[in-house]
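Here's a quick walk through one model, starting with its strands and then stepping back to the domains. Keep the structure open alongside as you read.

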Amino acid sequence: MYGADLAEIFELIHRGRGKNYLSEAHEVTRRVRMHKPAAASLLDVACGTGSHLTAFATLFDHVEGLEISEPFMRAAKAAVPQAVLHLGDMRDFDLGRSFDAISCMFGSIGYLATTRELTATLTRFAHHLVPGGVVAIDPWWFLETYTDGYVSGSVIEVDGTTISRVSHSKLEGNASRMDVHYIVADSVQGARHFTENHLITLFTRAQYEKAFAAAGFTVEYIEGLHAGRGLFVGVRD
Ligand SMILES: C[S@@+](CC[C@H](N)C(=O)[O-])C[C@H]1O[C@@H](n2cnc3c(N)ncnc32)[C@H](O)[C@@H]1O
């Protein structure tokens, strides 16, 4: 999961599917500064290939990233050389400093398996925030908003490379099992195919809100952002 093949094309395919990393980073920054106007430092948890961090680096004086996948971390280092990046697990990390803001984008929080892990991870986030610091989490679908059996398909062409991505998602217990097939082709290397399989937990909105409260946050949920998944904004009590 989140291997080298995917790291190469991750940003391209999602930009090609309409994801606007720059505007998402601006929106998160705006929400952070509504609560903490002088916010100057940000940690992006599960930063992936660094696409949000590239924008955050222009909006905050100091940015850092945390990421569990080595290939994704290498791509982030190349994309945002000015950021301090840590290879690590959001469930158990200690960076020895605190931040004005923490972001965790694009459903990455759904890789936590249980509400216990969710609460423990949000408590880690609180531990890395200054008092009054702000966390912004773009969650995975809620159990109540998820569409079982969802199929998605996209083909994009960038700089002579054609990439197709087809995914199928099905309910498995309280999680979504998503199989994603990629075909990447160019005139020199020809076509190659690989798959990625994800198990992403469908926490309910109430489970998120309970975990935020238990971790010491006052939280609000903004509907509609991020293709309908919304955004949680929590302020550390
Ligand atoms: C959907 S991608 C989002 C990446 C990036 N935030 C973005 O918006 O492009 C999910 C990311 O979460 C990372 N991830 C999953 N579990 C993690 C964990 N326990 N700790 C840190 N990162 C994790 C994956 O390696 C992957 O980069």
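## β2 and β3

In this predicted model, β2 runs parallel to strand β3 (residues 84-87), and four bridges join the pair. If you want one spot to look at, go to E67: its bridge partner in β3 is L87.

To get from one strand to the other there's a helix, α4 (residues 70-79), and together β2, α4 and β3 form a β-α-β unit that is right-handed.

## β2 and β1

β2 also pairs with strand β1 (residues 41-45), again in the parallel sense, this time over five bridges. Here D44 sits opposite G65 of β2. On the way from β1 to β2 the chain passes through helix α3 (residues 51-59), making a right-handed β-α-β crossover.

So how covered is β2 itself? Strand β2 spans residues 62-67, and five of its six residues are buried, so mostly covered is a fair description.

## Two domains

Now zoom out. The domain assignment splits the protein chain into domain 1, made of 4-142 + 202-236, and domain 2, covering 151-200. Their C-alpha centres are 23 Å apart.

Where the two meet, domain 1 puts in 12 residues and domain 2 puts in 13. What does the domain 1 side of that contact look like by class? It has seven nonpolar residues, along with three polar and two charged ones.

Technical notes:
Residues are numbered from 1 along each chain as its sequence is written. This is a predicted model: local features need pLDDT of at least 70, side-chain atom pairs count only at pLDDT 80 or more; totals for chains, interfaces and linings use all residues. Domain bounds come from an automatic or database domain assignment. Two residues are in contact if their C-beta atoms, placed from the backbone, lie within 7 Å. Ala, Val, Leu, Ile, Met, Phe, Trp, Tyr, Cys and Pro count as nonpolar, Asp, Glu, Lys and Arg as charged, and the others, Gly among them, as polar. A residue is buried if 20 or more other C-beta atoms lie within 10 Å of its own, exposed if 12 or fewer, and partly exposed in between; C-beta atoms are placed from the backbone. Helices (H or I, at least four residues) and strands (E, at least two) are DSSP runs, numbered from the N terminus. Two strands pair if DSSP finds at least two bridges between them. A crossover is right-handed if, with the strands pointing away from the viewer, the path from the first strand over the helix to the second runs clockwise.
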